[in-house]
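Here are a few notes from my pass through the model, meant to be read with the structure open. Have a look and see whether you read the packing the way I do.

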Amino acid sequence: MKQQKYLYAMSVPFVLWVLVFNYVPLWGWTMAFQDFKPARSFMEQEWVGLANFTALFQDERFYLVLLNTLAMSIMGLAIGFVVPIIFAVFLNEVRVQTFKRTVQTVSYLPHFVSWVVVAGIVTKVLSTDGGIVNEMLMAAGFVNEPVQFMTKGEWFWMIVTLSDLWKEMGWNSIIFLAAMAGVDPQQYEAAKVDGASRLRQIWHITLPGIRPTILVVLILSIGHLITIGFEKQFLLGNPIVVDYAEVLDLYALNYGIGLGRFSYGTAIGIFNSLVSIVLLFLANGIFKRYTNQSVM
């Protein structure tokens with residue numbers, strides 16, 4: 001420690017940041033075991049044990065919301081994880097650098113756009129009043145009148161998934177492009193000498209070369225499977241599709257904070273965190289056992 005004192009000193013601000021913003025707030029978890037009243041001090045709060053968790057698991061709405069959360073999470077993982085890899089592979093094969101950089105820049109831009117703006121764009125594109133999707137469908141003769149996409153609950157999950165894919169695909173591909181840049185070029189040269197096509201080079205060199213990166217990102221994505229936020233669902237949803245749009249975070253906002261049931265909302269947050277931790281350790285253990293790849 002004496003020899004590395006300057007490195008330790010440089011790390012102190014980051015350690016303090018983690019403690020203040022990630023560990024100190026855990027004290028608030030005590031609210032889940034209380035009938036929390038904002039006007040009372042901590043010692044004056046009424047302790048109710050697991051009553052809030054009991055109420056949570058007895059609420060039929062909770063299981064509907066959990067289904068929505070898992071459905072959109074799994075769809076987002078299946079599509080939002082695979083497509084950026086395919087996009088990165090294709091982009092890596094582009095030899096015209098000007099075109100490659102242009103496509104990269106254009107694909108990254110939606111990541112920096114607020115979900116408020118993205119939701120407005122998606123709503124306008126799918127609108128029945130001049131929406132480009134309906135205009136194209138009617139011009140092609142697939143439908144005779146505009147389709148009200150935003151009122152179709154059974155389509156809401158796919159709309160959210162594709163909107164998220166458009167927004168984050170380019171940004172999520174960065175880490176895979178960086179991993180591809182680290183693959184030894186001599187392997188490609190040897191493959192060319194052996195007569196391997198570009199498709200064979202991708203399958204036998206590029207993908208195995210980025211396999212550790214793919215597995216690490218997949219493990220971390222599984223750990224965040226149930227914590228998908230609520231911005232997309234809140235902004236794209238409406239009262240007609242609320243049974244398909246409400247996720248756990250939105251449920252906590254509406255039935256916890258919205259109704260002043262702070263303890264109930266905290267219980268939902270603890271459930272989210274515990275499930276995420278279990279999924280992370282489970283995925284890490286499975287991949288560590290069968291692929292010798294893990295994040296811890």
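1. Helix α4 first, bearing in mind that this is a predicted model. The helix runs over residues 97-108, and its 12 residues reach 16 Å from first C-alpha to last, close to the 16 Å expected at 1.5 Å a residue.

2. Which residues of α4 are buried? They are K100, Q104, S107 and Y108. They sit on the same side of α4 because they cover an arc of only 100° around the axis. As a reminder, residues three or four places apart point the same way, since an α-helix has 3.6 residues a turn.

3. Turn α4 around and you meet exposed T98 and V106, carried on the face away from the buried side. The buried residues, for their part, pack against α3 (60-92), α7 (153-172) and α8 (174-181).

4. Now the largest nonpolar core, with 23 residues. Those touching the most other members are F81, I85, F176, M180, I214, I222 and F287. At least two residues of this core come from each of α3, α8, α11 (211-223) and α15 (262-291).

5. F176 is worth clicking on: leaving out residues up to four places away in sequence, it touches F81, P84, I85, A88, I210, T213, I214 and V217. There is also a second, separate core of 18 residues, including V122, L126, I159 and L236.

6. Last, T206, which lies in helix α10 (residues 198-209). T206 counts as buried because its relative accessibility is 0%. Setting aside neighbours within four places in sequence, T206 is in contact with E93, M180, Y188 and Q201.

Technical notes
Residues numbered from 1 in each chain as written. Predicted model: local features only at pLDDT ≥ 70, side-chain atom pairs only at ≥ 80, totals over all residues. Heavy atoms only, no water. Helix = DSSP H or I, 4+ residues; strand = E, 2+ residues; numbered from the N terminus. Expected span 1.5 Å × (residues − 1). Buried < 20%, exposed > 50% of the residue type's maximum accessible area, 1.4 Å probe, protein only. Arc of directions from axis to C-beta. Contact = heavy atoms within 4.5 Å. Core = buried A, V, L, I, M, F, W, Y, C linked by side-chain atoms within 4.5 Å.
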